[in-house]
Amino acid sequence: MPNTIHIPTPLRPFTDKKESVEVSGATVGELLKDLTTRHDGLKKHLYTDEGRLRNFVNVYLNDEDIRYLQKEQTPVKPGDSLSIVPSVAGGAVSPKPQAKAEGGLS
Amino acid sequence: MTTATDVDLPTLNAEEIKRYSRHLIMPEVGMDGQRRIKQGSVLCIGAGGLGSPAAMYLAAAGVGRIGIVDFDVVDYSNLQRQLLHTTNDVGRTKLESAKNKLNALNPHVQVETFEEALSSDNAMRLFKGYDVILDGTDNFPTRYLVNDACVLMGIPNAYGSIFRFEGQASVFATKDGPCYRCLYPEPPPPGLVPSCAEGGVLGVLPGVIGVIQATESIKLLTGIGQPLIGRFLIYDALNMKFRELKLRKDLDCPVCGTHPTVTKLIDYDQFCGIAPAQDHSAGATVNATEITPVELKKKLDAGETPFILDVREPNEYQINKIAGSTLIPLGELPRRYQELPRDRQIVTQCKMGGRSAKAQDFLKTVGFADVLNLKGGILEWIDKVDPSQPKY
């Protein structure tokens, strides 16, 4: 039985707009590897050039942060779901005008 | 907060008792709870999408003192979601508009306005004396600044964040609870996460998230219920789903852990990898990989034929465009870049210049040598070259 990975809105452009992707594997790391094999564009958003999960990308197995389980080695059971939860800053127009000039952050 | 004894709490007059009667008849709030709300104070960082609904409900509920930090001016593009401001307010400062509405809603509420950019220099001074900070900002440096100041001062942070159809909420920096850095020790590099101005936001979404922030603020002031501490709420408006994830306090957290390394406010632009601000109004700080709209116009007028690559989404392209440009959305570029000519100069362009800079970087990695990024995007093109087109 495949597992589901929930894709957050900011990353959906890289999954053909899909909000969840069916993947298979025995560990969290294998599920993520399967995901980035299916959707290559996600790789640089999730991993550093050295192949480590990026610090601002949090991965949850069901409702638990994998940092407090066995990280990418955490075993998964059929039906478990993964969520990728990246940091999002949106809200009011910035009280920091200089950041607005960056475009990418304002 | 909940430490005040009954005798310390402010009293309610007859008009206030009538006004708050729907609170007073609930035993969970009652007279004591309402007096705690009146004694309470909340500082809203930003009077935009999140701050608008939050401040309105806090004022209606009778929070005694509401502060707002903002220096922006009301724009037409705000009105789709920022209910504090009306069409008549376009061009006024958001603070003036907000104060006006909140006073009209509830004259018993003291509204304090601070027309300044929140910074490491003023955050502690502005936060001092407030019971709750309500973070409704839209950029990472300010998120980390608000978090760190809250932790250092021991003030809880009712956090909310929105993007397109998705919102997040939590309560950070309570005495034993996790903080924003426990969740995200490091910010994403600039440019990797698009902004609301570039990515868009469903107008009702900040209503839901801002009201959750206001709800949590009132629970913190009255001490009732289970606050959203150690829990991270994710709201998906398209599928109408709420999910909740567990948050833990990170003992190694640099600001709230057992051996903190951040013991005072730092330079948050530097922390978030943002270069010092440049004077964009002068238009003189263009680097070698950028082209200004005026320069591009000159090129075109001189008969040059750069390939103008618009990397926005099709619905944005429908609103306005540079004549002769070709649309390939940024997300499709990795599999469609072969469509681009190798023998012409390419000018990448988006709304404001953020996405097109990423497109430019990408094209260089796949071997395109002559790629310029249009400074300020289509918005600056319209301002400087073609004012006949609408802006968004």
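**Contacts of Q360(B)**

I began with Q360(B) and skipped its neighbours within four places in sequence; that left contacts with T289(B), T348(B), V371(B) and N373(B). Note to self: this is a predicted model, so I'm reading computed positions.

Next I looked up where Q360(B) sits, and found it in helix α15 of chain B, which covers residues 354-365.

Buried or exposed, I wondered about Q360(B)? Buried: Q360(B) has 23 C-beta neighbours inside 10 Å, and the cut-off for that label is 20 or more.

I also checked Q360(B) against L374(B), which is 14 residues along the chain. Their C-alpha atoms are 9.9 Å apart.

**Following T348(B) into the strands**

T348(B) was one of the contacts of Q360(B), so I went after that residue because I wanted its strand partner, and L309(B) turned out to be its bridge partner, with T348(B) on the β12(B) side.

Which way do the two strands run, I asked, parallel or antiparallel? Strand β10 (residues 307-310) and strand β12 (residues 346-349), both of chain B, pair in the parallel sense, with four bridges between them.

L309(B) has another partner to jot down: T326(B) in β11(B) stands opposite it. Strand β11 of chain B takes in residues 326-327, and two bridges tie it to β10(B), again running parallel.

**Stepping back to the domains**

Last, I looked at how chain B is split up: domain 1 spans 40-271 and domain 2 spans 282-384. How far apart are the C-alpha centres of these two domains of chain B? I got 35 Å.

Terms used. Residues numbered from 1 in each chain as written. Chains lettered and ligands numbered in written order. Predicted model: local features only at pLDDT ≥ 70, side-chain atom pairs only at ≥ 80, totals over all residues. Pairing = 2+ DSSP bridges. Buried ≥ 20, exposed ≤ 12 C-beta atoms within 10 Å, placed from the backbone. Contact = placed C-beta atoms within 7 Å. Domains from an automatic or database assignment.
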